Amino acid sequence: QDKKFTIALVPGLTTDAFYITMRKGAEAAAKAVGAELVFQGAPDFNPVTQVPVLDAVIAKHPDAILIAPTDKTQLVQPLKKAADAGIPVFTVDTFIGTGVYQTGAGDADFPLSYIASDNILGGEIAARALATAIGDKGKVYVSNVKPGISTTDQREEGFKREMAKHPGIEVLETQFNEDDANKAASQLQAVFARNPDLAGVFGANLFSALGAANGVSQAGQHGKVKVVAFDAPTSIVDNINTGLVDMAIAQHPAEIGYFGVMAAYAHLTGNSVPTAIGTGFTVIDKSNVADPNVAKFIYSD
Amino acid sequence: MSEQQLSLDDATKHVAPQADHGETAKSIVQRIAQLRAWLFLAALIVTFEIWARVDFGGTFVFSSYNWQSVAVFAVAPLLIAVGQTFVIISGGIDLSTGFIMGLAAVVAAHLTNIAGLYMPLPFAMLFGMLCAILAAGIPGLVNGLLISRLKVPPFIGTLGMFGVARGAAFLLAGGTTVPVSNSYFAMLGNGRIFGVPYLVIVTAIFVLVMHYILSQTRFGQHNYAIGANVQAARRAGIDIKGHILRLYVLSAMCAGLGGALYAARFTAGAAQAGEPLLLDSVAAVVIGGASLFGGSGSIIGTVAGALVIAVIQYGLVFLDVEPFWQFIAVGVVIIISVLIDQAQRRFSGGKQDE
Amino acid sequence: MSEQQLSLDDATKHVAPQADHGETAKSIVQRIAQLRAWLFLAALIVTFEIWARVDFGGTFVFSSYNWQSVAVFAVAPLLIAVGQTFVIISGGIDLSTGFIMGLAAVVAAHLTNIAGLYMPLPFAMLFGMLCAILAAGIPGLVNGLLISRLKVPPFIGTLGMFGVARGAAFLLAGGTTVPVSNSYFAMLGNGRIFGVPYLVIVTAIFVLVMHYILSQTRFGQHNYAIGANVQAARRAGIDIKGHILRLYVLSAMCAGLGGALYAARFTAGAAQAGEPLLLDSVAAVVIGGASLFGGSGSIIGTVAGALVIAVIQYGLVFLDVEPFWQFIAVGVVIIISVLIDQAQRRFSGGKQDE
Amino acid sequence: MNSQTPLLEVRNLSRHFGAVRALDDCSMVVRPGEVVALAGDNGAGKTTMIKAISGVYPPTSGEILIEGKPVTFSSPQEARALGIETIYQDLALADNLTIGANIFLGREPMRKAFGFLPVIDRKTMSKAAAETMALLDFHVKRLDAPVSNFSGGQRQAVAIGRAVYWNAKILIMDEPTAALGVPEQRKVISLIKSLKAQGRGVIFISHNLQDIFAVSDRIVVLRRGIVAGERNIADTNHDEVVKLMIGG
Amino acid sequence: MNSQTPLLEVRNLSRHFGAVRALDDCSMVVRPGEVVALAGDNGAGKTTMIKAISGVYPPTSGEILIEGKPVTFSSPQEARALGIETIYQDLALADNLTIGANIFLGREPMRKAFGFLPVIDRKTMSKAAAETMALLDFHVKRLDAPVSNFSGGQRQAVAIGRAVYWNAKILIMDEPTAALGVPEQRKVISLIKSLKAQGRGVIFISHNLQDIFAVSDRIVVLRRGIVAGERNIADTNHDEVVKLMIGG
Ligand SMILES: Nc1ncnc2c1ncn2[C@@H]1O[C@H](COP(=O)(O)OP(=O)(O)OP(=O)(O)O)[C@@H](O)[C@H]1O
Ligand SMILES: Nc1ncnc2c1ncn2[C@@H]1O[C@H](COP(=O)(O)OP(=O)(O)OP(=O)(O)O)[C@@H](O)[C@H]1O
Ligand SMILES: [Mg+2]
Ligand SMILES: [Mg+2]
């Protein structure tokens, strides 16, 4: 192959370890196939800031765009612009429309492929893990970032959907912490003060989990209130080792990035790509955190 | 005028008007000084153009696509910043506009959908937008009442409304985004005529009207007076309470229009639509020459300020600067924009600081 | 004093001191007025207590657990707000403290880890913290230089630094969180003595020192003077430039301590540690009685303001208020806090507005 | 004194600031064509009195009557609407506006641009500004400069000019000549005389006894918030007034 | 005039604001024990002159000599350090501070609390404030109230008090008596006389010719930024001075 392809990756936001790890995977793949990777995103998970970045990326007319759309409805029109300009679009981490692409049915089926670990599924896995850890009974709640963020909303949705199947478990009101670990900790302490029988908490992203875990330890409930964290940055290893966090659901961002670039490359070189590529999850807990096969899913810096 | 009625002793009429040579010279300098945000914008664009050419042989300026993108990008922050300009000139601040915009976006989405069931789509669109702007006026009215009647400091009153509007927007939206199904509305948000997006046309007209209000009407004149010396304005008989009330309603309605256009562009209303715009919009106003202490500023300046911010942020992505370095670059450029302003002020011959 | 040296004609010494009856009465009212943020805090707590009892027969106040939680919660916003108090009294604002805190948290984490390789852990901890605070001072110094020498308006100078510190912090952290492996450091962040968290003790001592500086030293006195009338302060011979420089370094160092304590508590440094604290910390200062126009405010008030915000946010979760309604409730309570302030001012007999 | 209805009557006016009784049970009248001087030591309550009359401070108690009708002003606007124009000791100018804009503040003249669009008529404003200032013997160039660019006395003249321009029934002047140069002082005095000749009422606050004796018909002396005495100028002299002031 | 080294000498001083020549090539001297009046119409440049002398505005060109030595002030601080105290026309008080705090602004007295902790000595400040104000015949209660609570004249007295308290070598007063009551005016005049007796130099700006003639040794008249003339008080009269002012 002579032509050097340029593939753009637009994350949901640039300041998140998850997307930074995704970039690493994508870069590895780009290197492998001799493509160039452009990584550009906005500092907030919000269409109003993501779309201008997308526009600027489109201006350079890359050969393909991988994007983690910040909303399944609101990114349809802006991405259509890319498609109309003849740039193949792939969504990573999350989707637009229904997530079912290339059906010929509707407005939002133009992306070629959706490469992700299903966030709803992730929430369900977290719920199952937490349910097991607390013996299928007791009160739990979701510590979430802020409303209106599609990925974390989906995790919450999956978590609640799964928990509905566990009659012994009561899911309390979700608390929003603005991505502030301090606030997440305080909220856990307050929820615990009100519900001394609190059994577990699901931190829907890094700082929600970090904060909730700290709240548990501030409340002196170390080990008694189970903490399940979504995402697994390096600091989570310590937290699992010290028992601050009981388990972490690691998505495989590097894999997503890697497969994303590979799918784009395949398409550009005339191969067909599946419309959905699922990457899995790994549940990390004390028992397997030292295992190198598991540790490789920790988001490295 | 009471001139004729007074008998003056001409003996004391001694201070002849001095030569006016300084005057024209000064007003030219002043005019340039007023353009300083625009000058800086021009400098920024030239820099980016050179960079683009050197770096990858592309062009930044001579691409209508880039200008369309920048213009559309600037729409939302500019609409909020235009209302904020009025508020800041009066010596206040409005922190709530971001979520008022979100509220309006959700209202626009809901009502356009509902109205679409009962009337032709174009009317449904207009109805939804109008209701969104009116709905935005309500928190604005509360802001105004708190600040004018109950003497709540603007920072606190609108910070409170920030929370209230946010909660209301999310409650109305049910915590999710509200899709719009109205093709005319989507057309308004994404269509263009002669290559110019409708969004930009609507915004340009609106901004012109706001410029007229600020620079040519009593409301605007009083706004400057209040910002400089509220006591003097009150003693001169200006209805401060009424003015402040109208002011915050105006600011909220600007955000309301922003929300409605947001819903059109993204064919969905989202409560968090305006959340990231607060600092950028205030920065646009300040880069445009306003002082946060009130009394100065202009819509033309704010337009330049909003474009400066849009051009930097768009341009740095276009030039493929690393994301974390973009934070630094944006910060540095904002500071430089004001340093240039400072340097120019020194030559503009106005009231000089001690 | 030149009194003796002057020969005064006693004939004109006629204005006898008037009766001072008004004085003591007024100073009591004034003293209460100064406490108004504290009074509001008390009212808030009483409301929450009644609510807790009626709603589910629990107690809000008589739980040392609740108080520990609130105190720990208030640490980070309070540290930032204390620095901000100085800045706001001087008539400025510091938008950059949030990311300076993040920068300091990352520096603290990295350096504690590195130092831990070469020295005993307690020393490594102290070294890491000290470096973090010093590192925070650098952006503070730049802020100060921009504002004092180059006359950049504080809003813009610190907004620029907001971006620069943000970029620097993320670059240093490599975009992720930096785990700390130092058991002493973790102990400082999470341990307690006689039930009082170390964090709270460190913060209390620091706040006391800041209170002393603001209320009892020349630096503090000049800060008030500059905020009221910078021209008068300059003519009185106060070194404005030097003062402003020190001021922004102080504010940044407060944020630096906040960042170091964050790293201790969460055993990790994160670049975005302080990002959400901006509005809350400014609100704490304003609820504490400061005016954004400068010249007034106090550390004691700011402490009350920070506690008000911590108590509302904690209390609403404790009282199981729906999340979206929490946004609204926080907004309403913030507004009420200032309404009470307004009502009390009217009785406090100070300079009355027209 | 004559028996017409007074233009202005103040009855038993009090105004307290917290524990400070700035004004306590004070009464005074101003008849058409009369210049009444308000004198008194610093802090005697002169400014407070005229601020109450011009609607700046609502009185704590007492009554104000304009042409025999009791009025209560909740804002200076209402006082201006009844023809009371005031020059304040602390000037109260909008520093960022031009002289014209300050003179017309709150009553800006409008014109129609393009035949339909109402816009502020800045030409009229600056023309009127130039004329009014000339009337006071200030010939200002730089009519488009904000008033913050002008000297202390020039700013004072702007404040006087504003009150004069609006042709008030009752003109209140709080130390109008204090910062003025000698010729301008004379001009203001002659202006007051011509207002008097037109049957308007003037309240004139000054610490300069010569000015007071040159222009007033009557003098009301305040001392620590109360009326210490009232004299016809014709029947009194400097020494008596000073004695009233200091309560000697 | 005597032949000692002048306390202050100003040589060919100019100060321009953009196109406005507020001061153009002006010279003057002040000798020990001499009171020099600076007179002139509004906008003549008096305030600009004294602001240049006290370090507020750096001159556009020209020289200032203190006791024969050329100096350049980059801030008012440096002027104060050389013993030049100034009362500004626009007062320049920190409105939120007490009288004492204003008098001591920038030179606050300290004491040791608990024997070691340096804290501001507020008692000393308010005592000195009471004494200084009494010296000017202001007997102020409410020493702990911010100066924004006081009347125009009272605030003026605070500004004068501050300059007097610090016992300057050269005292510059820009219209110090303008807002003062009659007895206070007299007090300030007698104060200036006693300063003169102590060999200090005083520059006194006023629009009140009587005051000028009562207290000064010499008068320098400015007109539109230039020195229109200089006279010994003994050799001139009101009319001549007015003529110099208006350039008649
Ligand atoms: N807004 C205010 N708040 C509190 N006290 C005030 C206020 N305004 C005036 N005072 C007090 O009321 C008294 C009368 O003040 P006023 O300004 O009326 O005096 P005045 O006669 O105008 O004096 P001057 O000749 O110095 O201007 C003074 O003791 C002053 O301190
Ligand atoms: N900061 C400034 N910026 C621009 N122009 C100024 C400034 N200060 C003074 N001027 C101008 O310089 C000239 C002299 O002003 P100055 O204040 O020295 O007059 P003055 O003699 O003190 O008058 P007054 O008796 O009215 O106080 C005036 O024309 C004034 O408008
Ligand atoms: Mg007065
Ligand atoms: Mg002057």
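This passage describes two ligand sites and the relation between two chains in a predicted model.

Ligand 1 lies between chains C, D and E. Its shell holds 23 residues. The closest are D:Lys46, D:Thr47, D:Thr48, E:Asn149 and E:Gly153. Two helices each supply at least two residues of this shell: helix H1 (46-53) of chain D and helix H5 (152-165) of chain E. By class, the shell around ligand 1 has 13 polar, five nonpolar and five charged residues.

Several polar contacts involve oxygen atoms of ligand 1 and residues of chain D. An oxygen atom of the ligand is 2.6 Å from an N or O atom in the side chain of D:Thr47. The backbone also takes part. A polar backbone atom of D:Gly43 is 2.8 Å from an oxygen atom of ligand 1. For D:Gly45, a backbone N or O atom lies 2.9 Å from an oxygen atom of the ligand. Taken alone, ligand 1 exposes 640 Å², and the protein buries 94% of that area.

Ligand 2 lies between chains B, D and E. Around ligand 2 there are 23 residues, of which D:Asn149, D:Ser151, D:Gly153, E:Thr47 and E:Thr48 come nearest. Here helix H5 (152-165) belongs to chain D, and helix H1 (46-53) belongs to chain E. Each of these helices supplies at least two residues of the shell around ligand 2. The shell divides into five nonpolar, 13 polar and five charged residues.

Chains D and E both make polar contacts with ligand 2. From chain D, a backbone N or O atom of D:Asn149 lies 2.8 Å from an oxygen atom of the ligand. From chain E, an N or O atom in the side chain of E:Thr47 is 2.5 Å from an oxygen atom of ligand 2. A nitrogen atom of ligand 2 is also in contact, at 3.2 Å from an N or O atom in the side chain of E:Tyr57. Ligand 2 exposes 640 Å² when taken alone, and the protein buries 95% of that.

Chains B and C are considered next. Two copies of a chain are related by a rotation about an axis and a shift along it. Chain C superposes on chain B after a rotation of 180° with 0.1 Å of shift along the axis, at an RMSD of 0.2 Å. This is the relation of a two-fold axis. Within chain C, the C-alpha nearest the axis is that of C:Phe293, 3.6 Å from it. Both copies use the same surface: 98% of the contact residues of chain C recur in chain B.

Key. Residues are numbered from 1 along each chain as its sequence is written. Chains are lettered from A and ligands numbered from 1 in the order in which they are written. This is a predicted model: local features need pLDDT of at least 70, side-chain atom pairs count only at pLDDT 80 or more; totals for chains, interfaces and linings use all residues. Side-chain values use heavy atoms; hydrogens and water are left out. A residue is near a molecule or strand if one of its heavy atoms lies within 4 Å of it. A polar contact is a pair of N or O atoms within 3.5 Å; within protein, one must be able to donate a hydrogen and the other to accept it, and residues adjacent in sequence count only if both atoms are side-chain atoms. Accessible areas come from the Shrake-Rupley method with a 1.4 Å probe; for residues, only the protein chains shown count as cover. Helices (H or I, at least four residues) and strands (E, at least two) are DSSP runs, numbered from the N terminus. Ala, Val, Leu, Ile, Met, Phe, Trp, Tyr, Cys and Pro count as nonpolar, Asp, Glu, Lys and Arg as charged, and the others, Gly among them, as polar. Copies are superposed by least squares on the C-alpha atoms of residues with pLDDT of at least 70 in both. Contact means heavy atoms within 4.5 Å.
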